Amino acid sequence: MFENIIMLLEKYWQVFLLEGLRYTIILSAIAVFFGVLLGAFIALGRMSSIKPFKFINVNKKKKGFIHWLANFNPVSWICSVYIEVIRGTPLLLQLYLFVFGLPKIIPIKADYFFWVSLALACNSAAYVSELFRSGIQAVDYGQTEAARSLGMNKAQTMLRVVMPQAIKNILPAVGNEFIAIVKETSMASTFFVGELMTSYLKVNGVEYLALEILIIVGVIYLALTFTLSKLVLAYERRLNSK
Amino acid sequence: MIKTVDLYKSFGDLQVLKGINEHVAPGEVVSIIGPSGGGKSTFLRCLNMLETPDSGSIFFEGVDITSEKVDIDLHRQKMGMVFQHFNVFPHLSVLENVTLAPTIVKKIGKNEAAEQAMELLNRVGLAEKANERATSLSGGQKQRLAIVRALAMEPDVMLFDEPTSALDPEMVGEVLEVIKGLVKTGMTSVIVTHEMGFAKEVSDRVVFIDGGIVAEEGTPDDIFNHPQNPRTKDFLSKVLY
Ligand SMILES: Nc1ncnc2c1ncn2[C@@H]1O[C@H](COP(=O)(O)OP(=O)(O)OP(=O)(O)O)[C@@H](O)[C@H]1O
Ligand SMILES: [Mg+2]
């Protein structure tokens, strides 16, 4: 077995590292990057206080349908539904949906890699938005009150007071999300997009050495996630020492 | 300067304010005392709309700030607030705590804001701490910083919500001194406090709030030496001396 692993590494190292590892990193990076962007907006939308029907509650009644409607926030509602749907359905289903379903209604010419990236980013956004939300809510509400009492508006308060404090809670969590995404990109191999599990499929298709190839691929995943988790730890330690 | 008309506020089914009519004149120092849960903080927080009243009006410098058409941020600039738990900004230095709002709300230049901040910090004995992190301060220093932070916006009125309740006893004095100094300059102030001696000393008027209503009010002498309402008497007998 050991000789087989050496042989495979000599013969296919480019497939494992230059293709598999590279695509795994690229896919994860795209997913997390756009996941964070989109996730931040979803978190803000979820916590927004947009109440378009507020005007109907002129007599400030406290109960009933009118009261409910007056306090109804459609943006927050849509964001919550989005999060529930993404978190409540399997990633594999979402990947199928994006790769086979979406191109039917969105007429753009793009390869599997594009749709898979998009699916991973949209999936990640739901989880990241919850990280943002809990990170923001972990900041003492007194901070918001102090800022607002000075005349700062909501955006200034969020940007200058709440976010700088929340980011310390959020960054390590996003790092952990990155680690989770690295593992989840393996599902993209269903569509043969070139990441590490695709490398396994490719090489195994020729060599029929499933165990050895899985060990190689597994070690690469492990090296990647281990490095990332060490980075997250180092960051957390630096924060705590401040 | 501030006038409340028939102020009502409830949290869920709990009626906290049951019709408060108060008027704070320019330059006046009003202390609010009363038993825990009586609605003192809620009333104070309504004054700058940190709590939205269910009904009633709050006039600040002639404008009804409960109206939804009002830009509340504009009026809040003119009302400084000091909180029980200081709420200094931990991610900023002492100086930045003071300059943040003036620079981004009033768009005052960085240097000018810093200069003004140093002057204020100097007044409360925090000048040499200017570049330290706000988190490194003691409780008393944090509260003095919070006062200066509010003053930097050059407010017309200051609202204090139990500014010394969260302090270790040995630090109460230094904060009360700062407030006394401020009051002497003629700053209109509304102070919720459990420090009866302090209320007696600095107030023009003392308001006793109990059960969501103003049960009694008057000069410090009226309230502390000749209370009329049995509830006031009862409260004072428990907290005083
Ligand atoms: N945000 C809130 N949500 C629900 N209930 C609240 C809220 N804020 C205050 N209350 C309740 O309203 C009542 C009055 O509170 P308030 O803080 O105004 O009293 P207080 O007179 O300031 O008391 P203390 O001396 O303890 O500070 C209390 O019963 C309190 O539990
Ligand atoms: Mg209170």
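Which strands of chain B does helix α5 lie across, and at what angle does it run to β6(B)? The exercises below work through this and related points.

The model is predicted, so local features need pLDDT of at least 70 and side-chain atom pairs count only at pLDDT 80 or more, while totals for chains, interfaces and linings use all residues. Residues are numbered from 1 along each chain as its sequence is written, chains are lettered from A and ligands numbered from 1 in the order in which they are written, and side-chain values use heavy atoms, with hydrogens and water left out.

**Exercise 1. Place helix α5 of chain B and describe the sheet of 6 strands.**

Step 1. Helix α5 (residues 139-151) of chain B lies across β6 and β7 (157-161) of chain B, and runs at about 170 degrees to β6(B). Helices (H or I, at least four residues) and strands (E, at least two) are DSSP runs numbered from the N terminus. Angles run from 0 to 180 degrees between N-to-C directions, with axes fitted to C-alpha atoms, for helices over the stretch in contact; contact means heavy atoms within 4.5 Å.

Step 2. The sheet is open, with mixed pairing and the order β6-β7-β8-β3-β9-β10 (chain B). Two strands pair if DSSP finds at least two bridges between them. β6 (79-82) and β10 (213-218) of chain B are the edge strands, each pairing on one side only. Direction ignored, neighbouring strands are turned by 15 degrees against each other on average.

Step 3. At the β10(B) edge, 5 bridges join β9 (residues 205-210) of chain B to β10(B), and the two run antiparallel. Phe208(B) stands opposite Glu216(B), and Asp210(B) opposite Ile213(B). The hairpin of these strands has 2 residues between them, and Gly211(B) takes a positive phi near 60 degrees.

**Exercise 2. Trace the sheet of 4 strands in chain B and explain its edges.**

Step 1. This open sheet has the order β2-β1-β4-β5 (chain B), with antiparallel pairing. β2 (14-24) and β5 (63-64) of chain B each have a single partner strand, so one side of each is left without a neighbour in the sheet.

Step 2. 2 bridges join β4 (residues 55-60) of chain B to β5(B). Phe59(B) of chain B stands opposite Asp64(B) in β5(B). Helix α1 (residues 40-47) of chain B packs on the sheet and touches β1 (2-11), β2 and β4 of chain B; its direction makes about 125 degrees with that of β1(B).

Step 3. β1(B) and β2(B) run antiparallel and are joined by 8 bridges. Lys9(B) stands opposite Leu17(B) in β2(B). The two strands form a hairpin with 2 residues between them, where Gly12(B) in the turn has a positive phi of about 60 degrees.

**Exercise 3. Describe the surroundings of ligand 1.**

Step 1. 13 residues surround ligand 1 (a heavy atom within 4 Å), the closest being Ser36(B), Gly37(B), Lys40(B), Ser41(B) and Thr42(B). The shell divides into 4 nonpolar, 7 polar and 2 charged residues. Here Ala, Val, Leu, Ile, Met, Phe, Trp, Tyr, Cys and Pro count as nonpolar, Asp, Glu, Lys and Arg as charged, and the others, Gly among them, as polar.

Step 2. Oxygen atoms of ligand 1 lie 2.8 Å from a backbone N or O atom of Gly37(B), 2.7 Å from a polar side-chain atom of Ser41(B) and 3.3 Å from a side-chain N or O atom of His194(B).

Step 3. β2 and α1 of chain B are the elements that give two or more residues to the shell; α1(B) gives the largest share, 3 residues.

Methods. A polar contact is a pair of N or O atoms within 3.5 Å; within protein, one must be able to donate a hydrogen and the other to accept it, and residues adjacent in sequence count only if both atoms are side-chain atoms.
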